[in-house]
Amino acid sequence: MKLWKTILAAAVLALAGSQAFAARTDLVIGIPLEPPHLDPTAGAAAAIDEVLYANVFEGLTRIGPNGEVLPDLAESWAISDDGKVYTFKLHTGVKFHDGSDFDASDVKFSLDRARADNSVNAQKALFAAIDTVEVVDPTTVKVTLKNPQGSFLYNLGWGDAVIVAPESADTNKEKPIGTGPFKFQSWAKGSSITLVKSNNYWGAPVSLDKAEFRIVPDAAAAVPALLSGDIQAFPFFDPDSVAQVKDDPRFKVVIGSTEGETILAINNKKPPFDKLEVRQAIAFALDRKAIIDGASAGLGVPIGSHMSPASKAYVDLTGLYPHNVDKAKELLKQAGLENGIKATLKLPPPSYARLGGEIIASQLRDVGIDLEIIPVEWAQWLDQVFTKKDYDLTIVSHTEPNDIDIYSRKDYYFNYDNPAFDKIIAELNLTSDDAKRNTLLGEAQKILADDAVVGFLYELPKVGVWDAKLQGLWENAPIQANDLTKVKWAD
């Protein structure tokens with residue numbers, strides 16, 4: 001009897017030991033904004049992709065942690081000599097989370113839906129070059145372009161280009177069904193979104209069994225949530241709060257780059273901002289250093305046009321409009337506005353906007369531009385500013401990758417129109433040579449800076465803070481994503 005008790009006790013201790021040292025398989029991630037819905041193909045909000053990209057939904061290609069184009073649902077592709085025909089070979093054995101099979105017909109449905117006349121895709125322009133999409137066989141799709149497009153494979157890696165099934169496309173906003181390694185479990189509105197591991201995933205299995213995206217709009221609440229262990233990671237952490245955790249060995253503080261051009265957007269068709277002198281006056285009135293210090297804890301990188309300093313095509317144009325109050329006043333006088341301007345500044349919730357807005361309002365007041373600050377919620381911003389163009393000035397970070405072409409879109413909220421710029425973008429779309437593309441991108445940046453289309457402020461830094469035992473979260477943010485496919489806890 002004693003021997004049996006000894007063996008039993010040893011077994012219990014061994015089991016307890018193995019459980020104590022087993023790596024965790026759950027994760028709670030803090031995010032500042034709640035998505036308006038959960039369909040990446042039907043909304044402009046970055047918060048949608050930050051939860052779902054690469055986790056629940058997948059595209060033919062995907063963007064990797066360093067901004068590279070990688071195969072995803074397409075295992076390979078061939079490009080015709082004239083650069084107009086792409087033949088994609090698809091992975092076999094892929095299923096959607098509802099058990100239905102994925103095949104070439106789903107690709108055709110998704111691409112045709114995204115580019116249709118009635119498409120609600122926020123990045124419909126990404127698909128404008130497509131002429132036809134043909135199903136060759138269940139595992140082969142042929143896409144023919146109207147003209148060569150050097151960025152086509154990259155465009156297919158955006159969240160807006162993920163593949164959805166016709167059976168579930170209309171309900172993805174509330175119950176997203178994709179092909180990714182995680183499937184949607186629940187959404188407690190105003191609180192959290194929970195994903196769980198998909199056991200039928202076609203690719204390499206993920207390490208996490210469960211991931212909860214906890215919505216924490218109040219930056220001040222992030223630090224206590226970390227310290228208590230209630231939340232283990234904030235991939236996008238408030239820069240002003242870093243000092244409270246940077247010396248704590250329990251956490252890792254990672255500062256990386258983003259594609260987030262932070263701008264003071266200007267309604268270019270609304271008087272008096274339709275006058276070049278007025279927009280240039282705003283550019284001279286802006287003190288980027290003070291804005292960066294106050295709105296991003298000094299971590300933002302100044303920009304003078306719409307391009308990330310991390311890009312090989314970046315041109316430093318920050319010296320075009322140095323902070324000069326007298327010059328700003330002189331330009332307003334030239335525009336016949338020496339008595340000043342009254343306007344509104346609509347600010348969405350992120351701290352970079354709310355903090356930056358107060359600083360910018362003060363700077364513009366010094367040159368005679370009196371701004372009424374109007375705080376708006378994200379849904380209001382998307383409706384009033386982005387969709388209806390009902391605004392004078394606003395502040396936002398454009399975190400979409402390589403998106404300088406947005407200034408050529410005639411229905412875009414900047415209301416900017418320059419045929420010379422449009423011509424460069426059209427040529428860029430036909431160019432695949434990297435050196436030539438970089439030259440064209442440089443020319444495009446110069447035009448935007450000369451026209452002072454918006455007030456170019458800084459590149460949004462990616463400040464991540466997470467448990468020191470957590471591995472695999474992205475250091476940089478080449479796209480809007482919290483990709484969990486490689487995330488795991490150290491043993």
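## A six-stranded sheet

In this predicted model, six strands build an open sheet, and their order is β14-β18-β13-β17-β15-β16. The pairing in this sheet is mixed. At its edges you will find β14 (301–302) and β16 (369–375), each with a pairing partner on one side only. If sheets are new to you, keep one idea in mind: strands pair through backbone hydrogen bonds, in either a parallel or an antiparallel way.

Let's look at one pair of strands. Strand β15 (residues 341–347) and strand β17 (residues 393–398) run parallel and are joined by two bridges. Try finding Lys 346, which stands opposite Thr 394 in β17. Helix α10 (residues 378–387) packs on this sheet, where it touches β15 and β17. The direction of α10 makes about 110° with that of β17.

## A four-stranded sheet

Another open sheet has four strands, in the order β4-β5-β7-β6, and here the pairing is antiparallel. Its edge strands are β4 (74–79) and β6 (130–137), which each pair on one side only. From one strand to the next, the twist averages 20°.

How many bridges join β5 to β7? There are five, linking residues 85–90 of β5 with residues 140–145 of β7, and the two strands run antiparallel. Val 85 has Thr 144 in β7 as its bridge partner. A helix belongs in this picture too: α3 (residues 104–115) lies across β5, β6 and β7, and it runs at about 170° to β6.

## Two pairs of helices

Now for helices that pack against each other. Two packed helices are described by the angle between their axes and by the distance between those axes.

Take helix α6 (residues 276–285) and helix α8 (residues 325–334) to begin with: they pack at an angle of about 170°, and their axes are 8 Å apart. Because that angle is over 145 degrees, α6 is roughly antiparallel to α8. On the α6 side, the residues in contact are Glu 277, Val 278, Gln 280, Ala 281, Phe 284 and Ala 285. They meet Lys 327, Ala 328, Leu 331, Leu 332 and Gln 334 in α8. Sorted by type, the residues of this contact are seven nonpolar, two polar and two charged.

Next come helix α11 (residues 419–429) and helix α12 (residues 434–451), whose axes come within 10 Å and cross at roughly 160°. The two helices are therefore roughly antiparallel to each other, and the crossing of α11 and α12 is left-handed. In α11, the contact is made by Ala 420, Phe 421, Ile 424, Glu 427 and Leu 428. Their counterparts in α12 include Leu 440, Leu 441, Ala 444, Ile 447 and Leu 448. The residues of the contact of α11 with α12 divide into nine nonpolar and four charged, with no polar ones.

## A proline in a loop

Finally, let's visit a single residue. Pro 65 sits in the loop between β2 (61–63) and β3 (69–71). Is Pro 65 buried, partly exposed or exposed? Its relative accessibility is 35%, so Pro 65 counts as partly exposed.

Which residues does Pro 65 contact, leaving aside its neighbours within four places in sequence? They are Trp 474, Asn 476 and Pro 478. Leu 473 is worth finding as well: Pro 65 and Leu 473 are 408 residues apart along the chain, while their C-alpha atoms are separated by 9.2 Å.

How values were computed:
Residues are numbered from 1 along each chain as its sequence is written. This is a predicted model: local features need pLDDT of at least 70, side-chain atom pairs count only at pLDDT 80 or more; totals for chains, interfaces and linings use all residues. Side-chain values use heavy atoms; hydrogens and water are left out. Two strands pair if DSSP finds at least two bridges between them. Axes are lines fitted to C-alpha atoms, for helices over the stretch in contact, and angles run from 0 to 180 degrees between N-to-C directions. Contact means heavy atoms within 4.5 Å. Angles under 35 degrees count as roughly parallel, over 145 as roughly antiparallel, 65 to 115 as roughly perpendicular and the rest as oblique. Ala, Val, Leu, Ile, Met, Phe, Trp, Tyr, Cys and Pro count as nonpolar, Asp, Glu, Lys and Arg as charged, and the others, Gly among them, as polar. Buried means under 20% relative accessible area, exposed over 50%, partly exposed in between (1.4 Å probe, protein chains only). A crossing is left-handed if the near helix is turned anticlockwise from the far one by less than a right angle, and right-handed if clockwise.
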